[in-house]
Amino acid sequence: MVPAGSAAPATPLAIIGGTGVDIVTELKAQGPLPIDTPYGRAEVYSARWGERPVYFLSRHGAGHVLPPHRVPYRANIWALRHLGVEWILATNACGSLRKEWLPGQLVVIDQFIDFTKNRPATFFDGEGGKVIHTDVTEPYCPILRKALIAAAGAEGVSIAESGCYVCTEGPRYETAAEIRFFQSIGGDLVGMTGVPEVTLAREVGICYAALGLVTNLAAGLGESPCEPISHQEVTRLMQKQGVVVWRLLRRTIDLLPPARTVGRCPCTRSGCG
Ligand code: HPA
């Protein structure tokens with residue numbers, strides 16, 4: 001019980017970073033702290049941002065050793081839930097399916113289409129004879145998305161307020177024909193790590209938003225139709241934009257209320273949150 005007149009402590013938030021963004025240094029975070037979960041080990045860095053505990057998780061592990069299909073998505077989300085995290089801000093390197101979204105473009109993702117094939121994607125595996133279907137009509141938290149958009153406005157950073165993320169299995173990049181297909185079904189961005197992270201967060205009732213950073217035009221959309229995509233190109237762009245991404249995340253955290261209001265977003269109305 002918080003005494004009358006004193007501020008409630010701010011609830012924990014986590015940042016999940018992919019390729020390139022060095023948030024550990026920016027946060028002066030301690031770690032990594034290994035957390036053993038029923039789904040394997042997660043490695044989490046720990047810091048404070050003002051009154052708020054902030055955790056950081058590097059999706060591909062230290063030294064970028066885990067390919068997208070081997071990221072321990074369930075262990076990561078389980079560990080963050082165990083730490084009491086109520087909000088997750090994720091960053092995703094993406095290829096652009098839109099010619100007007102060039103490398104450097106930031107996008108507050110609002111939908112996804114899932115083309116992953118081979119990854120454990122749920123906490124609800126039928127244990128105890130219970131079958132649970134999670135609603136993901138609006139998969140990204142509208143309150144966190146609004147905060148990201150407001151942060152971009154406050155920082156004077158140009159941002160696209162919505163975009164549909166197609167998640168592929170990887171680790172290879174796509175063919176030009178796959179990209180034409182993804183465009184035809186309404187995709188705006190393509191990446192390899194956004195799913196099932198977003199849906200696992202929903203299953204445990206954590207508010208989750210993802211900031212897409214365009215690192216390249218998707219396969220076949222470059223100046224010459226056979227221009228290859230390289231991981232170095234992706235990493236270079238993420239590093240170049242790292243400062244802007246951190247400014248946005250920092251400002252977003254500052255704009256959040258100390259705690260969530262249960263029932264105001266779909267994240268707190270579903271799963272076991
Ligand atoms: N395809 C898939 N994943 C990616 C890409 C891409 O073009 N760029 C960055 N991550």
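How far is the sulfur of Cys265 from the closest cysteine sulfur, and why is there no bond? The partner to look at is Cys207, whose sulfur lies 3.6 Å from that of Cys265, and this is too far for a bond. A disulfide is a covalent bond between the sulfur atoms of two cysteines. Here the term is applied to a pair of cysteine sulfur atoms within 2.5 Å. The structure holds zero disulfides. Cys94 is likewise in no disulfide, and its nearest cysteine sulfur, that of Cys167, is 9.5 Å away. Both Cys94 and Cys265 are buried, with relative accessible areas of 1% for Cys94 and 2% for Cys265. Buried stands for under 20% relative accessible area, exposed for over 50% and partly exposed for what lies in between, using a 1.4 Å probe and protein chains only.

Before we go on, a word about the model: it is predicted, so local features need pLDDT of at least 70 and side-chain atom pairs count only at pLDDT 80 or more, whereas totals for chains, interfaces and linings use all residues. Residues are numbered from 1 along each chain as its sequence is written, and side-chain values use heavy atoms, with hydrogens and water left out.

Let us turn to the strands, beginning with β5 (87–96). Helices (H or I, at least four residues) and strands (E, at least two) are DSSP runs, numbered from the N terminus. Nine of the 10 residues of β5 are buried, so the strand is largely enclosed by the rest of the structure. Two strands count as paired if DSSP finds at least two bridges between them. On that basis β5 runs parallel to β10, with 10 bridges joining them, and Ile88 stands opposite Tyr208 in β10. β5 also pairs with β1 in the parallel sense over four bridges; here Ile88 is the bridge partner of Ala14. With β9 the pairing is antiparallel, over two bridges, and Gly95 has Val190 as its bridge partner in β9.

From β1 (residues 13–17) we can step across to β4, since five bridges join these parallel strands. Ala14 has Tyr55 as its bridge partner in β4. Six of the seven residues of β4 (residues 52–58) are buried, so this strand too is largely enclosed by the rest of the structure. Strand β3 (residues 40–49) pairs with β4 in the antiparallel sense over five bridges, and Tyr45 has Phe56 as its bridge partner. The two strands form a hairpin with two residues between them, and Gly50 in the turn has a positive phi of about 60 degrees.

Now for the ligand. Which residues are around it? They are Ala93, Cys94, Gly95, Tyr173, Glu174, Val190, Gly191, Met192, Thr215, Asn216, Ile229 and Val234, each with a heavy atom within 4 Å of the ligand. Cys94, one of the buried cysteines, is thus among the residues around the ligand. A polar contact is a pair of N or O atoms within 3.5 Å; within protein, one must be able to donate a hydrogen and the other to accept it, and residues adjacent in sequence count only if both atoms are side-chain atoms. A polar side-chain atom of Glu174 lies 2.8 Å from a nitrogen atom of the ligand. A backbone N or O atom of Gly95 lies 3.3 Å from a ligand nitrogen atom, and for an N or O atom in the side chain of Thr215 the distance to a ligand nitrogen is 3.5 Å. Taken alone, the ligand exposes 260 Å², and the protein buries 96% of that (areas come from the Shrake-Rupley method with a 1.4 Å probe; for residues, only the protein chains shown count as cover). The elements that give two or more residues to the shell are β5, β9 and β10 (207–217), and β5 gives the most, with three residues.

A few backbone details remain. Gly31 and Pro32 are joined by a cis peptide bond with omega of about 5 degrees, and Pro32 lies in strand β2 (residues 30–37). The peptide bond from Val195 to Pro196 is also cis, with omega near 15 degrees; Pro196 sits in the loop between β9 (189–191) and α5 (197–203). Lys28 has a positive phi of about 50 degrees although it is not a glycine. Lys28 belongs to the loop between α1 (23–27) and β2 and is exposed, with a relative accessible area of 69%.
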